[in-house]
Amino acid sequence: MAKYFLTTAIDYSNGDPHLGHALEKVGADAIARYRRLRGDQVHFLMGMDEHSQSVLQAAARADVAPQEWVDRMARRFEDFWRRLECSNDDWIRTTEPRHARSVTELLRRIQQFHPDDLYVAEYEGLYCTGCEEFKQESQIVNGHCIEHPTLELIRTRERNHFFRLSRYRDPVLDLIRSGKFLVEPAIRRNEVLRLLEGGLQDISVSRLRQPWGIPFPADPEQTVYVWFDALINYLSATGFPDAGYEGLWPADLHVIGKGITRFHCVIWPAMLLSAQLDIPREVWAHGYVQWEGTKMSKTSGTAVTLDEAIERHGPDPLRYFLLREVGFESDGNFTWERFDERYTADLADGLGNLASRTVAMLSKYRDGIVPGSAASTALDLAGAESARQYAEAMDALDLRAGAEAAWSLVSAANLFVQQTAPWSLAKSHRDAELDDALGALARALARLAVLASPFIPGKAQQLWHMLGMKGAVAEAEWSAAEQPEAQGRKVEHADVLFPKPARV
Ligand SMILES: [Zn+2]
């Protein structure tokens, strides 16, 4: 069994998660669930980034101590991720001792292996508290950060510890060009390559007299810079530096947003090279969820809350819509109208209706027992092809194409119902043909429960149960998608999978 360690970005605990956060988490969760279906030993990490200045400010505004504030926010975020059925195996918070220990050790190793990679210097620049980083001229428009046009940049001058990032330009370029370090999708890889080709400046990795954060080793006046601290969470979660951490490290996949590729694809591998640690295998940088063309973010206003989006049709339809319509590879739009359309067409009238009709016909004509039948109908062939295309897309982390491949089988099955018309086969007592049709439909649904489970885990389980299948669909073997078996199962009438909402 292959190990597969994947992570999401850790989020600032300065406000509630929004749809942008949700896209990343459910996308990573779909990948984790798919890898489990394929038999991988998956370790899925999520967590919170709790040392930022914006956290301090949010705590001050709420008039609570920072630790109390981050405890509260961590519970809120976790609650949202449970509602969205995220199947993470670990949850790391950068205020945990296991993390501080790992940050200190990584700095110690840099000092040990490349002592001149860390040095002290004076720095002056414009600092964005939204990004928690100094901004360069190219990142400033009309005096504001591109990502945070409503925040004031703060002119900051202080003496800090610096990391000699400039030394790692060529090694990181080589790693990406040779494919030893995958940056996907290609549009993000090209951005990172252009950035590296333009040369790298050293970066400040500490802040002076910051009351909230991890103390810089051997310099009590300085605190580890929040980004330097945050990136190390992925390593901390493996148990580093304790023996056995290599069982998980290096990470197989970091899922992040496209706005933080510089940290993950340039600074992070450079830090690891400097500390003589293995670099991650792959970074996937997704696009942003847009609401009527505007990026969703804490600072650009909340046109829609995550609560509302979950309440609209439930958690599974939101997961499906984000991954199928908004997409995981570039920016995509979220509108209620489109969400409602997808819900009705793909889920209520599509998969839901197929399941209800099939169960109803099996109950009516075969007392609910899936008959033995020939396993080579046109629908079985279509199902095998769907599973093949699905695996190809999911292996490439193309979640939209994965969902499309699965739902192409829904269309094929609904067409098959029309073409075979089981009700007229029953009427004219063509029993063998009726068995073949009903058997094929039951197999298609069993296959669909497996293929859909990374996208709609709750509903896939309900469908699995309706088909009389035992156990958890999440624990099904991949062969259940490739060569489903349903003969002899007793189907069960259950609640409609996707009720038609009154408002649509
Ligand atoms: Zn910013």
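A residue counts as buried when its relative accessible area is under 20%. That cut-off comes up in several of the views below, and the model in every one of them is predicted.

**View 1. Leu354, tucked away in helix α12.**
Leu354 sits in α12, the helix that covers residues 336–366. With a relative accessibility of just 1%, Leu354 falls under the 20% limit and so counts as buried. Who surrounds it? Skipping neighbours within four places in sequence, Leu354 is in contact with Val410, Ala413, Asn414, Val417, Leu441, Leu445 and Leu448. Take Leu445 from that list: 91 residues separate Leu354 and Leu445 along the chain, yet their C-alpha atoms are 8.2 Å apart.

**View 2. His21 on helix α1.**
Here we move to His21, which belongs to α1. Is His21 buried or exposed? Its relative accessible area is 16%, under the 20% limit, so His21 is buried. Once neighbours within four places in sequence are set aside, the contacts of His21 are Asp11, Asp16, Phe77 and Trp81.

**View 3. Helix α1 crossing helix α11.**
Staying with α1 (residues 19–37), this view adds α11 (residues 315–326); their axes come within 10 Å and cross at roughly 90°. The two helices are therefore roughly perpendicular to each other. On the α1 side, the residues that meet α11 are Leu19, Ala22, Leu23, Val26, Gly27, Asp29, Ala30 and Arg33. Facing them from α11 are Leu318, Arg319, Leu322, Leu323 and Val326. Sorted by class, the contact has nine nonpolar residues, one polar and three charged. As a reminder for reading helix contacts, an α-helix has 3.6 residues a turn, so residues three or four places apart point the same way.

**View 4. Helix α2 and what covers it.**
In α2 (residues 53–62), the buried residues are Gln53, Ser54, Val55, Ala58 and Ala59. Their cover includes the strands β2 (11–12), β3 (41–49), β5 (118–128) and β12 (206–208), along with helix α3 (66–83). Just past the end of α2 comes Asp63, with a positive phi of about 60°.

**View 5. The largest cavity.**
How many cavities of 30 Å³ or more does the model have? The count is two, and the largest holds about 60 Å³ of space. Its lining is made up of His51, Ser52, Gln53, Tyr127, Glu132, Arg207, Gln210, Trp212, Thr223, Val224, Tyr225 and Val226. That is a mixed set: five nonpolar, five polar and two charged residues. Gln53 may look familiar, as it is also one of the buried residues of α2.

**View 6. The second largest cavity.**
This one has about 30 Å³ of space. Around it are Ile203, Tyr225, Trp227, Phe228, Leu231, Phe263, Ile267 and Met271. Helices α7 (226–231) and α9 (261–274) each supply at least two of the lining residues. By class, the lining has eight nonpolar residues, with no polar and no charged ones.

**View 7. The second largest pocket.**
The last view shows a pocket with about 210 Å³ of space. It is lined by 14 residues, and those closest to its centre are Ala375, Asp380, Arg443, Gln483 and Pro484. Two elements, α13 (378–395) and α16 (431–452), give two or more residues each to the lining. The class split is five nonpolar, four polar and five charged.

How values were computed. Residues are numbered from 1 along each chain as its sequence is written. This is a predicted model: local features need pLDDT of at least 70, side-chain atom pairs count only at pLDDT 80 or more; totals for chains, interfaces and linings use all residues. Side-chain values use heavy atoms; hydrogens and water are left out. On a 1 Å grid over the protein atoms alone, a cavity is a set of points where a 1.4 Å probe fits but cannot get out, and a pocket is an open set with protein on both sides within 12 Å along at least five of seven lines; lining residues have an atom within 4 Å of a point. Grid points are joined across faces, edges and corners, and a volume is the space filled by probe spheres set on the points. Helices (H or I, at least four residues) and strands (E, at least two) are DSSP runs, numbered from the N terminus. Ala, Val, Leu, Ile, Met, Phe, Trp, Tyr, Cys and Pro count as nonpolar, Asp, Glu, Lys and Arg as charged, and the others, Gly among them, as polar. Axes are lines fitted to C-alpha atoms, for helices over the stretch in contact, and angles run from 0 to 180 degrees between N-to-C directions. Angles under 35 degrees count as roughly parallel, over 145 as roughly antiparallel, 65 to 115 as roughly perpendicular and the rest as oblique. Contact means heavy atoms within 4.5 Å. Buried means under 20% relative accessible area, exposed over 50%, partly exposed in between (1.4 Å probe, protein chains only).
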